[in-house]
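User: Could you take a close look at the salt bridges in this model for me? I'd love a connected walk through the pairs and where their side chains sit.

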Amino acid sequence: MEVVSSSVSACSSLHCCRNTTIPSISISEVSWLKCSSLRIIETRLSLAHRRKNDVGFRNKDCGRKEFSLGVVPRISNICSPQCSYFSSNWGFIAQRMKCNSLLRLKDCSVNIRQHASILFVRLVAGVMLVMSVSLTSSEPSLALSEENLIFLEAWRTIDRAYIDKSFNGQSWFRYREDALRNEPMNNREETYTAIKKMLATLDDPFTRFLEPEKFRSLRSGTQGSLTGVGLSIGYPTKADMQPGGLLVISASPGGPAYRAGVSSGDVILAIDDTSTENMGLYDAAERLQGPEGSSIALTIRSGLDVKHLALTREKVSLNPVKSRTCKLPASGNDSPTVGYIKLTSFNQKAASAVKEAINTLRSDNVNAFVLDLRDNSGGLFPEGIEIAKIWLDKGVIVYICDSRGVRDILDTDGSSALAISEPLAVLVNKGTASASEILAGALKDNKRAILFGEPTFGKGKIQSVFELSDGSGLVVTVARYETPAHTDIDKVGVIPDHPLPTAFPKNEEAFCNCLQNPASSCYVNRVQLFSK
């Protein structure tokens, strides 16, 4: 509330004239002039105003100067005590006018006090009203249960971190109140259901809730180990025998699926009797993971045979990188050598593993590199940035954006560069997502690599992981990104420069054959692979 104060003048009708001509006066009046100075002149009223409002007077001792009675108290007060200019005949008038002035001043003071009192009462009433409304609105919080608090913790995490501050066009605060009032939260299972229902209103498949065991599994997976059956999966391509299901990219040696005979190229038809025909990679990955020692049933198609397997989940160590050297046919001793690097995920070991693979391949005198990002669904965002720095001497890697535009720029100055001179080809497909797309887009837009394959998945959003107090967690979309060319690839993907032959294999063992054998259906010669 803003209070505007104004000054009150008892002589508001006076006009100041500082340069009024003074009539001639006698020597005996000099002392009076010294006393009154210009202050008497300043109080002179216009003739029209005197005739209309006040009673004039004429005093021969004052050089026939006319004054309004309204200013007599002021003049008398100024001059009479010192110079005895006004006679006693005017003492009564002067005293009365002084009293009138004091009365008017007192009236003004009373009015101001009354207005101030009214404003103060209104202010107090307003504050009390606001406090009562606040206390009324906060009353439900006094009865919040432990389950309600878990729900509110998840709600606050989304409120603070989620990229879309319109929350998919809804009132996020109203949703909270409605959910606390209407959603059953009598036990932890019902609370988790309420949280999942809340996240579903955002219509964002990447913002999701993880129960405690799934959260622990996700955390261990980013740290280089995973509790599951040891399978890397992807979408089937046109070259695969039959459509439908999810393709096995690789089975970790020694893992449960590997021991059961599952191999690269097999197709998962069902997980625990749930068909995978329309199942997404993230959903399938969550189903394959689980607590150590728990059971899982897989339906696998291997060639023309369909197998039903019962497996037990184990803790599987994940090496995100596989590599090999391919010598290409050529005359003489200087035959070109290509170093193949398969990067399957972005866990905490990814960047160091890529550096180790580059150094190992260089010891075999490779002349060029192929980086295979097919069916790499991403992982830790910082690892993707660090791997981009390995291949780039300088340039922008990615723009981080929020609802207001570019928020941050991640680039490199070349201080972390390791392989910037050899030709580089990158292989991508629709299973290439998230951090893999950031890496592929950075290498393409900086003219460092040629991309082969098909458009990538199109996950142009960045997620952060948040742990709740009961051990469960949230994966929340916190930003979107643009490639160095300011391309927003969300739901579009990174577009490769050239397609790959439909029969091009996905494992490192068969890769060399496609470079070495011109008669192969997947053959790509070196010039095609690295020419810009």
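Analyst: Happy to! Lys-461 and Asp-490 are joined through their side chains in a salt bridge, with 3.6 Å from N to O. This pair ties together distant parts of the chain, 29 residues apart: Lys-461 belongs to strand β17 (residues 461-467), while Asp-490 lies in the loop between β18 (473-482) and α15 (508-516). Do keep in mind that the model is predicted.

How do the two partners sit with respect to solvent? Lys-461 has a relative accessibility of 22% and counts as partly exposed. Asp-490 comes out at 18%, and because buried means under 20% relative accessible area, Asp-490 counts as buried.

Salt bridges with shared partners also build one network here, made up of Glu-146, Glu-147, Arg-188 and Asp-470.

Now for a pair with both partners buried: Asp-372 and Arg-374. Their salt bridge brings the closest N and O atoms to 2.8 Å apart.

Glu-177 and Arg-176 give another example, their side chains meeting in a salt bridge at 2.8 Å, N to O. Here Glu-177 is partly exposed, at 26% relative accessible area, and Arg-176 is partly exposed too, at 22%. Neither residue counts as buried, because that class needs a value under 20%.

To put these pairs in context, the count for the model comes to 20 salt bridges. Among them are Lys-461 with Asp-490, Asp-372 with Arg-374, and Glu-177 with Arg-176.

How values were computed
Residues are numbered from 1 along each chain as its sequence is written. This is a predicted model: local features need pLDDT of at least 70, side-chain atom pairs count only at pLDDT 80 or more; totals for chains, interfaces and linings use all residues. Side-chain values use heavy atoms; hydrogens and water are left out. A salt bridge is a side-chain nitrogen of Lys or Arg within 4 Å of a carboxyl oxygen of Asp or Glu. Buried means under 20% relative accessible area, exposed over 50%, partly exposed in between (1.4 Å probe, protein chains only). Helices (H or I, at least four residues) and strands (E, at least two) are DSSP runs, numbered from the N terminus.
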